[in-house]
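Got your viewer open? Let's take a walk through this fold, one selection at a time.

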Amino acid sequence: MSFETTMTSDVVGLTKVAPVSRRGFMSATAAVAAGYTLAAGPVRADIITTDTNGLQTGDAKIKVGSEEMPAYFARPAGNTKAPVIIVAMEIFGLHEYIKDVTRRLAKLGAFAVAPDYYFRKGTDLTRITDVKDLLPIVNAKPDAELLTDLDATVAWAGSQGGDSTKLGIIGFCRGGRTVWEYAAHGGALKAGVAFYGPPVDPANPLWPKSPMQLAPEMKAPVLGLYGGADTGIPVAQVEQLKAALEQNKKTAEFKIYPEAPHGFHADYRGSYRRDAAEDAWKQAQAWFKKYGVLS
């Protein structure tokens, strides 16, 4: 199996969740109409929807070299110095769940931006219906390019009046890995929150160092939120990352929700666990406040 088609630990955790009854789920047609991906499986009917009252929201194009990267943003209306928080998406593209998370952050006072950093492949990931068809695209994303895309996102937000001196990043699944990678990248980041981001990578020449290998290089405090019932990311692996960070005297905290599977915050999927998701969101807010991203 080549690295392009490898089932990474985040994908294993996504696809090996206990089966759920189809009752309480949208039809595929309704899910697509609502802006959700089908590759992650059936979409729950009682999804969380955050309104745009008091917000400025929309699509943007972010200049990265000679190219333009699509993004979705949400910010408090009239607030030109809102702190900047990058939202690092799952492998499913810039679909409605990720957009809703940006609005939730904007309601907390942030200028939240979700960049679509897989855009160069020319494929709308939200329209793909099978995870296996996503792997050759998302696994072929070089870390060096990803980090450049994130830097460009920060620069764009700053040019739009955001306060990039109060910079945070939050990510889910593969985006959780992105949080760890970005925390080791540069000194501008104030804090990161990683939801079930894989600590260890499979062999991939485009990903030189896993979060575990980057432990000595972490430059920003990160909060790791993980599920004890995650079938792709063993708790022992999370504990190894914690130990590596402690050994290198890096600031990080972890919370493991014993009964929660991978994707427990994703309110559109059967993996959603309300109690864990709500507590984790409170933990994320507190973390960003502790390190000066949010007031």
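Before the first stop, a word on strands: two of them count as paired if DSSP finds at least two bridges between them. Keep in mind, too, that you are looking at a predicted model.

**Stop 1: the hairpin.** Select β1 and β2. They form a hairpin with two residues between them, run antiparallel and are joined by 10 bridges. Click on Asp 59 and you'll find it opposite Tyr 72 in β2. Now move to the turn and pick Gly 65, which has a positive phi of about 65°.

**Stop 2: the whole sheet.** Add the other strands. In what order do the eight strands lie in the open sheet? Reading across, it goes β1-β2-β4-β3-β5-β6-β7-β8, with mixed pairing. The edges are β1 (55-64) and β8 (252-257); each has a single partner strand, so one side of each is left without a neighbour in the sheet. From one strand to the next, the twist averages 20°.

**Stop 3: a parallel pair.** Zoom in on β3 (residues 83-88) and β4 (residues 111-115), which run parallel and are joined by three bridges. Val 84 is a handy marker here, standing opposite Phe 111 in β4.

**Stop 4: helices on the sheet.** Select residues 143-159 to light up helix α5, which packs on the sheet and touches β1, β2, β3, β4 and β5. Its direction makes about 130° with that of β1. Next, select residues 235-247 for helix α7, which also packs on the sheet, touching β7 and β8, at about 165° to the direction of β8.

**Stop 5: a closer look at α5.** Try a distance between the end C-alpha atoms of α5: they are 24 Å apart, which agrees with the 24 Å that its 17 residues should span at 1.5 Å a residue. Show side chains next. Buried residues in α5 include Leu 146, Leu 150, Val 154 and Trp 156. The buried residues of this helix pack against β1, β2, β3, β4, β5 and α6 (174-183). Following α5 comes Gly 161, with a positive phi near 100°.

**Stop 6: out to Thr 29.** Is Thr 29, in helix α2 (residues 28-33), buried or exposed? Exposed: its relative accessible area is 64%, and the cut-off for that word is over 50%. Draw a line from its C-alpha atom to that of Ala 155, 126 residues apart along the chain, and you'll get 37 Å.

**Last stop: the annotated stretch.** Select residues 69-291, listed by UniProt in an unreviewed entry as "domain: Dienelactone hydrolase". Over this range the chain is 35% helix and 22% strand, and the end C-alpha atoms are 29 Å apart.

Note on methods
Residues are numbered from 1 along each chain as its sequence is written. This is a predicted model: local features need pLDDT of at least 70, side-chain atom pairs count only at pLDDT 80 or more; totals for chains, interfaces and linings use all residues. Side-chain values use heavy atoms; hydrogens and water are left out. Buried means under 20% relative accessible area, exposed over 50%, partly exposed in between (1.4 Å probe, protein chains only). Helices (H or I, at least four residues) and strands (E, at least two) are DSSP runs, numbered from the N terminus. Axes are lines fitted to C-alpha atoms, for helices over the stretch in contact, and angles run from 0 to 180 degrees between N-to-C directions. Contact means heavy atoms within 4.5 Å. UniProt positions are given in the numbering used here, feature names are shortened, and annotations may be inferred rather than shown by experiment. The expected span of a helix is 1.5 Å times one less than its number of residues.
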